[in-house]
Amino acid sequence: MKRLQTLLAAATLASATSLAFAQDIKIAHIYGKTGPFEAYAKQTQTGLMLGLEHATGGTMTVLGRKIVVIEKDDQLKPDLAKSQLAAAYGDDKADIAIGPTSSGSALAMLPVAEEYKRILLVEPAVADAITGDKWNRYVFRTGRNSTQDAIAAAVATPQNARIAMLAQDYAFGRDGVKAFKEALAAVKSKAQIVHEEYVPQTTTDFTAPAQRMFDVLKDKPGSRVIGIYWAGANPVTKLADLKPERFNISLAPGGNLLPVMKTWKQLAGLEGAIYYYYGFPKNKVNDWLLAEHKKRFAGALPDFFTAGGMAAGIAVVEAIKKAGGTDTEKLITAMEGLSFDTPKGRMTFRKEDHQAMQPMYQFRIKKDQKDEWDLLDLVREIPAGEIPVPIRNKR
């Protein structure tokens, strides 16, 4: 009898020990810590940790389980991102993965999530294909997609515009221009894209592509616009230096990071669309983000990708709470149709393709700026309900 009691006690201890180890919720964050999008990646990581903290009330625990974040640097290399996600699911036993920074990496990672039957929450990669024809049921996205960018830009474009598009020659750029064409049709705009210019990501001299766009636009009727869809240091100031106003051509930059937009003061009056600017959303989550970010980072303001990272962190915590744990099937059920508060306001994962539906913003570059970061005026918030994103996946 004594031996039986000893064995039962040992088994109970082993079970309790195993449970203690199992209680950690492991989240793998795979992102481009090194490479040309390093600034994006750093902001996303900062936002993610703030989001997890905010959603857990500062405890970094959910349902009594500690959250552990495992970081991996994919260096923006799709093959590396793919192998790192497999290692995160297989070796690290990650319950959920978040990332990556690049659309190319994201597309490489999607089949891995399906193979391991684990959730991949995409933030901030934007290519439509991620929640489109390359999608699978394990993929959710808090980040906006190319079409959401495009519809916001279409709303901000003059109805009589003739547009030449400048974009980078890879998935992000080509998807963005394609989405913008479809967006103009979706909002029934009379504006037309009359030229598309794709250049390498490493381009620094824009003289030749600018001249080609000038030549196409200079004799066109109506407003003449060069639309710019760009990841990284936006070339809008280099184009401005080439004096497009000689041909009555204006520039339409997409929103960007604060240090980039800080250089746009000479472009006062130009309008565009943006995913997030710290001064636009008026809600409690954004108020918290502003206050905490300034307190922790020597007065610095949260930026474009900080808000996205925070949304991802909040989404994960809210999903686990609703699912009652980290079982994948229960998470999928919980996340489909899930609404949650973010710095941008309310987001909702659309059941059909798991894309987070969210507001966007039309801005105007300020002429009279109160300080170095007082950069944009809000023209209007574009509600999620006015952004008709097509469902493109094959469920």
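# Rings, strands and a buried core

Tutor: Let's start with a cluster: Phe37, Tyr40, Tyr275, Phe304 and Phe305 are linked by ring pairs. This is a predicted model, where local features need pLDDT of at least 70, side-chain atom pairs count only at pLDDT 80 or more, and totals for chains, interfaces and linings use all residues. Residues are numbered from 1 along each chain as its sequence is written, and side-chain values use heavy atoms, leaving out hydrogens and water.

Student: How many aromatic pairs does the structure hold?

Tutor: There are 14 aromatic pairs. Phe214 and Phe247 make one of them, with 5.5 Å from centre to centre and 45° between the planes.

Student: What makes Phe214 and Phe247 a tilted pair?

Tutor: Rings of Phe, Tyr and Trp (its six-membered ring) pair if their centres lie within 6.5 Å; planes under 30 degrees apart are stacked, over 60 edge-to-face, and the rest tilted. The 5.5 Å between Phe214 and Phe247 meets the distance limit, and their 45° falls in the remaining class, so the pair is tilted. In sequence the two are 33 residues apart, with Phe214 in helix α7 and Phe247 in the loop between α8 (236-241) and β10. Phe214 and Phe247 are both buried.

Student: Why are Phe340 and Phe349 called tilted as well?

Tutor: Their ring centres are 5.1 Å apart and their planes stand at 45°, so this pair is tilted too. Phe340 and Phe349 are both buried.

Student: How do you know that Ala210 is buried or exposed?

Tutor: Buried means under 20% relative accessible area, exposed over 50%, and partly exposed in between (1.4 Å probe, protein chains only). Ala210 has 0% relative accessibility, so it counts as buried. Ala210 belongs to helix α7, and helices (H or I, at least four residues) and strands (E, at least two) are DSSP runs numbered from the N terminus. Setting aside neighbours within four places in sequence, Ala210 is in contact (heavy atoms within 4.5 Å) with Leu239 and Leu242. Ala210 and Lys238, 28 residues apart in sequence, have their C-alpha atoms 9.6 Å apart.

Student: Why is Asn256 called buried?

Tutor: Its relative accessible area is 4%, so Asn256 falls under the limit and is buried. Asn256 lies in the loop between β10 and α9 (258-261). Beyond four places in sequence, Asn256 touches residues including Tyr40, Trp230, Ile274 and Phe304.

Student: What makes strand β7 largely enclosed?

Tutor: In β7 (residues 162-168), 7 of the 7 residues are buried, so the strand is largely enclosed by the rest of the structure. Arg162, Ala164, Leu166 and Gln168 point one way, while Ile163, Met165 and Ala167 point the other way, and all are buried.

Student: How do you know that β7 and β8 pair?

Tutor: Two strands pair if DSSP finds at least two bridges between them. With 7 bridges to β8 (residues 192-199), β7 meets that rule, and the two run parallel. The path from β7 to β8 goes through helix α6 (residues 171-186), and this β-α-β crossover is right-handed (with the strands pointing away from the viewer, the path from the first strand over the helix to the second runs clockwise). Within β8, Ala167 has Tyr198 as its bridge partner, Gln168 has Val199, and Arg162 stands opposite Gln192. A further 6 bridges join β7 to β9 (residues 224-229), also in parallel, where Arg162 partners Arg224.

Student: Why are β8 and β10 said to stand at the edges?

Tutor: The open sheet of 4 strands has the order β8-β7-β9-β10, with parallel pairing. β8 and β10 (249-253) each have a single partner strand, so one side of each lacks a neighbour in the sheet. The twist averages 20° from one strand to the next. Helix α7 (residues 207-217) lies across β7, β8, β9 and β10, at about 165° to β8 (axes are lines fitted to C-alpha atoms, for helices over the stretch in contact; angles run from 0 to 180 degrees between N-to-C directions).

Student: Which residues have the most contacts inside the largest nonpolar core?

Tutor: A nonpolar core joins buried Ala, Val, Leu, Ile, Met, Phe, Trp, Tyr and Cys residues through side-chain atoms within 4.5 Å. The largest has 125 residues, and those with the most contacts inside it are Leu120, Ile226, Ile274, Tyr277, Phe349 and Leu376. Helix α11 (residues 304-323) supplies its largest share, 13 residues. Beyond four places in sequence, Ile226 touches residues including Ala164, Phe214 and Leu251.
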